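Hi there,

Here is the structure I promised to pass on. Have a look at it first, and my notes follow below.

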Amino acid sequence: MSEGVFRLKHASGFFAAGTEVRDAIGLLSDGGFKVFVYVCLHADRRTAQLRFRMAELAKAVGHSTRSLTTYLDELNRTGVGAVYRASNQHELGRIEILDRFWPYQKEAGDSIVDPEQALYVARVRDWFLEQACVSSTFGAADEKQAGDWYRAGISIDVIGRAFLLGCARKYVALFNRQRGSPITSLQYFVGIVEETAAMDLNLNYWRYLAARVKKMDAQWRAQANFAPAREPKTAETK
């Protein structure tokens, strides 16, 4: 072998690890980076995409599905990848490694989303799931709705304010026992986003509302956590 010439032991099954992988190391946790590397090794080289089922991917990377959910959220949040989860266990989800972290040239038109959309959707998801009045896993329909807002040019500030307004109304309803069910879908906010976009309120109002929602969120969590459990009925109490 000539000096300076390197040969692969295996001509297939390898991945070009350069500056893209180095950049990912600095953004991801150990678990998130492990998922990233697995996806890189198994994704289609032309599209940077991998189709997956949660249980199978969790087993492949040696994590629980709960931990895997955290790491997939991390890929979205950091802009390393765009994750589209399946709406049920029988369908396949998709993961795409975004351009900055993918060393190969992608085929035009095959990308799931652009990096800005991925960050937008991640922000929407984080805001949506952080409230105690929300009970959701942010499924495929929610990701599609967030993408629709992005493509419609709805600013992220409008989305954030719509969430404040919608959650405030939901907390009031929950406290008053008018409607006992939590928010389960972004569909709840569709009309509120349109309403908020048409509002012309100063910043002080939204600051006030944010403080109110934070307080109501804390009250609802405390009420849920410390509500006394019902004692089982006995022969004397039946």
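**Helix packing and one buried leucine**

Helix H2 (residues 30–42) packs against helix H4 (residues 65–78) at an angle of about 80°, and their axes are 9 Å apart. With 65 to 115 degrees counting as roughly perpendicular, H2 and H4 are therefore roughly perpendicular to each other. On the H2 side, the contact involves Gly31, Gly32, Val35 and Phe36, which meet Leu68, Tyr71, Leu72, Glu74 and Leu75 of H4. Sorted by class, the residues of this contact are 6 nonpolar, 2 polar and 1 charged. Please keep in mind throughout that this is a predicted model.

Leu68 of H4 turns up again in the surroundings of Leu57, a residue of helix H3 (residues 54–61). Is Leu57 buried or exposed? Its relative accessibility is 3%, and buried means under 20%, so Leu57 counts as buried. Leaving aside residues up to four places away in sequence, Leu57 touches Tyr38, Phe52, Leu68 and Ile95. If you would like a distance to check on your side, the C-alpha atoms of Leu57 and Val39 are separated by 9.4 Å, with these positions 18 residues apart along the chain.

The other helix pair I looked at is H7 (residues 156–175) with H8 (residues 190–197). These two pack at an angle of about 120°, and their axes are 9 Å apart. That angle falls outside the ranges for roughly parallel, perpendicular and antiparallel, so H7 and H8 are oblique to each other. The crossing of H7 past H8 is right-handed. H7 contributes Val158, Ile159, Arg161, Ala162, Leu165, Gly166 and Arg169 to the contact, while H8 contributes Ile192, Val193, Glu195, Thr196 and Ala197. By class, that gives 7 nonpolar, 2 polar and 3 charged residues.

Now for the overall picture. The protein has 9 helices and 3 strands, and along the sequence they follow the pattern α-α-β-α-α-β-β-α-α-α-α-α. Of its 238 residues, 38% count as buried. The accessible surface comes to about 14600 Å², and carbon and sulfur atoms account for 51% of that area. How much of the contact list links residues 24 or more positions apart? Such pairs make up 68% of the contacts in the protein with a separation of 6 or more.

Happy to talk any of this through whenever suits you.

Best wishes

How values were computed. Residues are numbered from 1 along each chain as its sequence is written. This is a predicted model: local features need pLDDT of at least 70, side-chain atom pairs count only at pLDDT 80 or more; totals for chains, interfaces and linings use all residues. Side-chain values use heavy atoms; hydrogens and water are left out. Axes are lines fitted to C-alpha atoms, for helices over the stretch in contact, and angles run from 0 to 180 degrees between N-to-C directions. Helices (H or I, at least four residues) and strands (E, at least two) are DSSP runs, numbered from the N terminus. Angles under 35 degrees count as roughly parallel, over 145 as roughly antiparallel, 65 to 115 as roughly perpendicular and the rest as oblique. A crossing is left-handed if the near helix is turned anticlockwise from the far one by less than a right angle, and right-handed if clockwise. Contact means heavy atoms within 4.5 Å. Ala, Val, Leu, Ile, Met, Phe, Trp, Tyr, Cys and Pro count as nonpolar, Asp, Glu, Lys and Arg as charged, and the others, Gly among them, as polar. Buried means under 20% relative accessible area, exposed over 50%, partly exposed in between (1.4 Å probe, protein chains only). Accessible areas come from the Shrake-Rupley method with a 1.4 Å probe; for residues, only the protein chains shown count as cover.
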